[in-house]
Amino acid sequence: MKIQGRMFIWLSVFILIMAIVYGVWSKEPAGTTALFLAFGLAVMIGFYLGFTARRVDAGAQDDKEADVADEAGELGFFSPHSWQPLMLGFGGAIAFLSIAVGWWLIYFSAPFILIGLFGWVFEYYHGENRTQ
C-alpha cells in the first residue's frame, strides 16, 4: 500500500501544477475548479493509503523481491449472493430520476433505499447466513 500512496501523492502534485497552469492560461473557472477538486481527491486517497499502510502488514507489492504467487490466497470476505445492492441501486436510480422528473418522486424512492440499506447492513444477522 505504500507504493499506491506514493503514486497518488505524486499524482496530486502533478494535478496541482496542471491546475495552476490551466487556471493562469485559460482563466476558465469551471475547468480550474474541477482540477483543484481532482487534486483534493488525489491527496485524500494518497493520505488514506499511506496512513493505512502504516497500520497493516507489508504486502507483496511493497517487496521488490516478491513474486506474483506471494500475493495468492484469501483477500477478504465478499458476499456471494446479496440482493440488497440491487434494491439500493433501484432506489438510487429513482431518486436521481426525481431530479429530472420532479422532487415528488423521492418519496417513492425512499422506501427502496431504506429497505436496501438496512437489509445490506443486517444481512448476516438473520436467516441462513447468520453464522457466517
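**Close-up 1. Two helices share in a positive surface patch.** Helix 1 (2–26) and helix 2 each supply at least two residues of the positive patch. In this predicted model, the patch on the surface is made up of Lys2, Arg6, Arg54, Arg55 and Lys64. Take a look at arginine 54, which belongs to helix 2. Its relative accessible area is 63%, so arginine 54 is classed as exposed, the cut-off for that class being over 50%.

**Close-up 2. Acidic side chains gather in a negative surface patch.** Here the view turns to the opposite charge: Asp63, Glu65, Asp67, Asp70 and Glu71 come together on the surface as a patch of negative charge. One of these residues, aspartate 70, sits in the loop that runs between helix 2 (29–55) and helix 3 (84–101). With a relative accessible area of 48%, aspartate 70 is partly exposed.

**Close-up 3. An edge-to-face phenylalanine pair links helix 3 and helix 4.** The model has four aromatic pairs. One of them joins phenylalanine 90 and phenylalanine 112: the ring centres are 4.9 Å apart and the planes stand at 90 degrees, so the pair is edge-to-face. Because phenylalanine 90 lies in helix 3 and phenylalanine 112 in helix 4 (residues 106–121), the pair ties together parts that are 22 residues apart in sequence. Both partners can be looked at for exposure too: phenylalanine 90 is partly exposed, at a relative accessible area of 43%, and phenylalanine 112 is also partly exposed, at 29%.

**Close-up 4. Phenylalanine 122 and tyrosine 125 form an edge-to-face pair.** The two rings of phenylalanine 122 and tyrosine 125 are 5.7 Å apart, centre to centre, with 65 degrees between their planes. That angle makes the pair edge-to-face because it is over 60 degrees. Phenylalanine 122 has a relative accessibility of 41% and therefore counts as partly exposed. Tyrosine 125, at 61% relative accessibility, counts as exposed.

**Close-up 5. Lysine 27 has a positive phi.** Now for a backbone detail: which phi value does lysine 27 have? The angle is near 55 degrees, a positive value in a residue other than glycine. This is worth a glance because most residues other than glycine have a negative phi. Lysine 27 is located in the loop between helix 1 and helix 2. At 67% relative accessibility, lysine 27 counts as exposed.

Technical notes. Residues numbered from 1 in each chain as written. Predicted model: local features only at pLDDT ≥ 70, side-chain atom pairs only at ≥ 80, totals over all residues. Heavy atoms only, no water. Patch = residues over 30% accessible without salt bridge, like charges linked within 9 Å, V, L, I, M, F, W, Y side chains within 5 Å. Areas by Shrake-Rupley, 256 points an atom, 1.4 Å probe, with all protein chains shown as cover. Salt bridge = Lys/Arg side-chain N within 4 Å of Asp/Glu carboxyl O. Lys, Arg positive; Asp, Glu negative; His and termini not counted. Charge placed at Lys NZ, Arg CZ, Asp CG, Glu CD. Helix = DSSP H or I, 4+ residues; strand = E, 2+ residues; numbered from the N terminus. Buried < 20%, exposed > 50% of the residue type's maximum accessible area, 1.4 Å probe, protein only. Phe/Tyr/Trp six-rings, centres within 6.5 Å; stacked < 30°, edge-to-face > 60°.
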